[in-house]
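Me: I should like a close look at a single part of this structure, namely its aromatic rings. Please explain the terms as they arise.

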Amino acid sequence: MLRRLRSLFVAIPLSGALAGAALSAAAQAGPAAATPGNVGTSVASATTRTAAGYWTAERMRNAKPVPLPEVDEATNASLSAQAAPQGRAGRIDGAAGATVRQGPVARLADPGATAATWAGSSSSPPKATSGRVFFVGADGGNYVCSGSTVNSDGKNLVFTAGHCVSNGAGTWYNSAPWTFVPGYDNGSAPYGQWTARELWTRTAWHNGANRAEDIGAAVMNTNAGGTRIVNYVGGQGIEWNYPLSQYQFQFGYPTRTPFNGQILKYCTGQSYSDGGHNGINCNMTEGASGGPWLDNFDGTFGWLDSVNSWVFWNSSGVRYKWNGPYFGNNARDFYNTVANL
């Protein structure tokens with residue numbers, strides 16, 4: 001049985017109807033008013049780059065992981081919220097799209113902290129809901145992150161890390177089409193390239209690079225046929241204020257050696273408290289930033305419980321763990337801000 005959206009919280013009604021291929025008048029005028037703690041921007045329309053013309057297979061293959069900003073650890077430690085429930089737990093269920101749901105793989109492989117290639121169906125979630133994010137940085141370079149569609153009333157959300165939409169110092173990555181390619185595989189875009197009309201993150205990330213608020217979301221345009229992205233590929237669920245220690249399936253497109261960013265990878269393991277953030281052991285490298293952590297994953301759907309934010313490596317240069325922001329009231333308020341856009 002397909003999971004249905006359950007409105008556990010009333011989404012905050014914001015202005016701005018769902019746009020088509022071009023930016024809506026509301027988006028061109030600026031985003032809807034953000035609730036405290038959230039900030040957004042419309043994606044600039046004055047550009048000569050188009051998604052179809054700019055993000056060629058070659059550019060997508062050669063895009064580099066976005067540089068992480070320098071962070072004052074003492075400042076971040078003082079700003080970081082405790083990684084523990086801050087209120088009532090809530091969930092929004094995932095939803096199937098036009099892609100064929102194949103159900104769980106025969107037996108879910110458990111690679112632990114050593115990333116494995118996802119071997120499930122390419123025509124159903126999570127392969128269809130996961131993808132690579134492409135954008136042009138302030139230096140004109142082509143950069144990449146990971147992300148996932150998330151179910152909402154608007155059926156048009158992609159969640160990623162805050163540092164995949166903003167540099168943490170007040171600058172948005174919107175100088176060219178911010179593009180999401182669901183199901184990306186070796187330069188191919190089996191479900192097309194989808195462009196954003198609005199980018200959102202938490203104010204504490206956008207203006208201060210606070211890692212505890214490193215959450216980002218894009219409100220996507222419809223495709224050329226007028227279909228919304230979640231209705232096309234499906235969308236994962238999302239949850240907040242659940243216990244920190246959860247058994248997670250962690251997805252992403254790691255780019256640096258020994259990976260090449262061309263295939264969806266995943267780790268599994270128990271999340272834990274790590275300096276006020278979620279921690280999980282996994283050797284995925286940069287490029288996986290923004291990829292989803294899915295709680296109670298059944299082989300197709302789960303609930304977004306965090307996103308890849310910061311990677312760490314040991315003295316031998318081996319990446320061995322990731323941090324992600326704890327999804328508490330901040331994630332609840334953030335989701336409710338963008339759910340109906």
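Reply: The following account concerns the aromatic pairs and their surroundings.

This is a predicted model, in which local features need pLDDT of at least 70 and side-chain atom pairs count only at pLDDT 80 or more, while totals for chains, interfaces and linings use all residues. Residues are numbered from 1 along each chain as its sequence is written, and side-chain values use heavy atoms, with hydrogens and water left out.

A search of the whole structure finds 19 aromatic pairs. Rings of Phe, Tyr and Trp (its six-membered ring) pair if their centres lie within 6.5 Å; planes under 30 degrees apart count as stacked, over 60 as edge-to-face and the rest as tilted.

One of these pairs joins tryptophan 118 and tyrosine 266, which meet edge-to-face, with 5.0 Å from centre to centre and 80° between the planes. Tryptophan 118 lies in the loop between S4 and S5, and tyrosine 266 belongs to strand S13 (residues 265-270), so the pair ties together parts that are 148 residues apart in sequence. Strands are DSSP runs (E, at least two residues), numbered from the N terminus. Both tryptophan 118 and tyrosine 266 are buried; buried means under 20% relative accessible area, exposed over 50%, and partly exposed in between (1.4 Å probe, protein chains only).

The rings of tyrosine 247 and phenylalanine 249 also form an edge-to-face pair, with centres 5.9 Å apart and planes at 80°. Tyrosine 247 is partly exposed, at a relative accessible area of 34%, whereas phenylalanine 249 is buried, at 5%.

Ring pairs link these four residues, Trp118, Tyr247, Phe249 and Tyr266, with Phe251 and Phe297 into a cluster.

Note on methods: Helices (H or I, at least four residues) and strands (E, at least two) are DSSP runs, numbered from the N terminus.
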